[in-house]
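Trainee: Could you give me a close look at one part of this model, and start with a single residue before you move inward? I'd like the cut-offs spelled out as you go.

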Amino acid sequence: MTLSLDELESHLFKCADIIRDAVDPTDYKEYILPLVYYKSISDEFEKQYSQNVEEYGEEFARRENLYDIPVVSDGYLWDDLRSVSDNVDQALNEAFGALTEANPDLAGVFRADYIDADALDDDRLGRLVEHLSKHDLDRDSVPPDMLGEAYMDLVRHFAEEEGKSGGQFFTPPHIVRLCVRLVDDFEDGDTFHDPTVGSGGMLIEAAEYYREEQGGDPSKLTFTGQEVNPDIAAIATMNLSIHGLNGTIEREDSLSNPQFTGEEELTRFDRVLANFPFSSDWAKSELQDDPWERFNWHEKLPRADRGDYAFIMHMAEQLKTPEKDGTDGKAAIVIPHGVLFRKHEKRYRKPMLESDLVEAIVGLPENLFQNNSIPSAILVLNTDKPAEREDEVQFIHAADEAFYDELSNQNELTEAGLSHIIENFRGWETEERVSRTVPLEEIEENDYNLNIALYVDTTEPEEEIDVAEELGKLRELQEERAAIEAKMDQHMEALNYE
């Protein structure tokens, strides 16, 4: 039976109901996401194995080079797990261990220990396995893009279950879509990177955009990311795999220990997309003499308790340049508003602007994220701006109600709002109270302050008054009052009141 996307999402969401009250909601993702991934890999492997047996015979059917997915070891197919009724937790641990042993690239991805979860007994785990067994998840049964979308929705569902803490690994899709559109026009062979990759949403959206909006083949793109949280890095790895994308997710902190490097410099990418943790601590003292020379926009490094510009400088260094690579590099970076105007950070804004790296700044509404409600913006960087955009920065004020819907617990940019932003950006337009292209000289006159309100009039327009119309209304009211007073006088006389 062919599943619709809604049916598939509903099917996967019910996994949480089975283990509800047995583990904390913040741990749902650790136990369910790996099982969904294992089920999809096992189903696809079993299908490809059957085809290989028919074509090459059993002796050669398990050769790894015949598969474009991880290989599942003999005895650990999904039906083998389904047949286990005792010590299901141990069987699951062994299955993930065998999958990792057969596919070393998956080392560190499966971190959940089902034995340690005491409340996940044989009954609950057996019901969870049986529930996932209801539908085949191979590529013929469920196309990779549909499975990938359902998987991302499952990640979003768990982020919502976690509440505020879930925002640490999940960026709302409407913000992700905006970031991708601001750096679009992708080509085969392009490389994409997210240094604070979370669950991989930015990379996944870039792939989806290339396929759906540009008619491209995402398998011809390369996706990489780095994530400090090993559990979240594991989700990102499974996410790329389940979407069928070429990519690598590395663990470690991008500032302290960048993993994508050459012999003497950082690896550079065509596109960098990121939503870094706002105003977080960073290892300033350890990076005074950074071997990659990333933090050289000023002799003073950003504050140890406010790493915003450390991340921005790191990402700027990760962009391809015409001088070194023969092509440009673009970045869309979600930032807190303070980055635009904090006085002591002028020392970083000035060189960033003087090098003509900043293409646009898009101001967003407040309360867009689960983990904070502060206003944010998107900083668009370009190492080779078109000639007509050189020495200018476009400011877009998208914080008005026309750009978003106010939902029960947070705001959400509308599709019309997203399109309005992109139309202004692509057209390099100036629109009253929405956008303006500003020469660098004017920004310099404002002491390199990038506060959007300095360049775009964000105040609500005063309503025009039609004097003649208002005088007419006043006369009508005066006449009504005179009539009421006359009637009142009549009543008073009838009652002998003076």
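Mentor: Let's start with S4, which is partly exposed at a relative accessible area of 31% (buried is under 20%, exposed is over 50%, and partly exposed is in between, with a 1.4 Å probe and protein chains only). Keep in mind that this is a predicted model, where local features need pLDDT of at least 70 and side-chain atom pairs need 80 or more, while totals for chains, interfaces and linings use all residues. Numbering runs from 1 along each chain as its sequence is written, and side-chain values use heavy atoms, with hydrogens and water left out.

S4 sits in the segment before α1 (5-19) (helices are DSSP runs of H or I with at least four residues, strands are runs of E with at least two, and both are numbered from the N terminus). Its C-alpha is 38 Å from that of I396, a residue 392 places away along the chain. For the overall frame, the protein chain has 16 helices and eleven strands, and its C-alpha trace spans about 110 × 70 × 45 Å along the principal axes. Of its 498 residues, 50% count as buried.

A few loop residues make a nice set with S4. E401, in the loop between β8 (392-397) and β9 (404-406), counts as exposed at 63% relative accessibility. The C-alpha atoms of E401 and T414 are 9.9 Å apart, with their positions 13 residues apart in the chain numbering. Then look at the backbone: most residues other than glycine have a negative phi. N367 has a positive value, with phi near 60 degrees; N367 lies in the loop between β6 (358-363) and β7 (376-382) and is partly exposed at 23% relative accessibility. D391 also has phi near 60 degrees, a positive value in a non-glycine residue. You'll find D391 in the loop between β7 and β8, partly exposed at 44% relative accessibility.

Now inward, to the helices. Eight of the ten residues of α7 (173-182) are buried, so α7 is largely enclosed by the rest of the structure. The buried ones are H174, I175, V176, L178, C179, V180, R181 and L182. Two packed helices are described by the angle and the distance between their axes. The axes of α7 and α8 (201-212) come within 9 Å and cross at roughly 60 degrees (axes are lines fitted to C-alpha atoms, for helices over the stretch in contact, and angles run from 0 to 180 degrees between N-to-C directions). That makes α7 oblique to α8 (under 35 degrees is roughly parallel, over 145 roughly antiparallel, 65 to 115 roughly perpendicular, and the rest oblique). The crossing of α7 and α8 is right-handed (the near helix is turned clockwise from the far one by less than a right angle; anticlockwise is left-handed).

Set that beside α10 (308-317) and α13 (346-354), whose axes come within 11 Å and cross at roughly 20 degrees. α10 and α13 are therefore roughly parallel, and their crossing is left-handed.

Finally, the enclosed spaces. Searching the whole structure turns up two cavities of 30 Å³ or more (a cavity is a set of points on a 1 Å grid over the protein atoms alone where a 1.4 Å probe fits but cannot get out, and lining residues have an atom within 4 Å of a point; points are joined across faces, edges and corners, and a volume is the space filled by probe spheres set on them).

The largest cavity holds about 120 Å³. Thirteen residues line it, with S40, R139, L147, S241 and I242 nearest its centre. α2 (28-56), α6 (144-162) and α9 (230-242) each give at least two residues to that lining, and α2 has the largest share, with three. By class, the lining has seven nonpolar, three polar and three charged residues (nonpolar is Ala, Val, Leu, Ile, Met, Phe, Trp, Tyr, Cys and Pro; charged is Asp, Glu, Lys and Arg; the others, Gly among them, are polar).

The second largest cavity has a volume of about 90 Å³. Its lining is K29, E30, P34, V109, R111, A112, D231, A234, I235 and M238. α2 and α9 are the elements that supply two or more of these, and α9 has the largest share, with four. Here the split is six nonpolar, four charged and no polar residues.

How values were computed:
1 Å grid on protein atoms, 1.4 Å probe; cavity = no way out; pocket = protein on both sides within 12 Å on 5 of 7 lines; lining within 4 Å.
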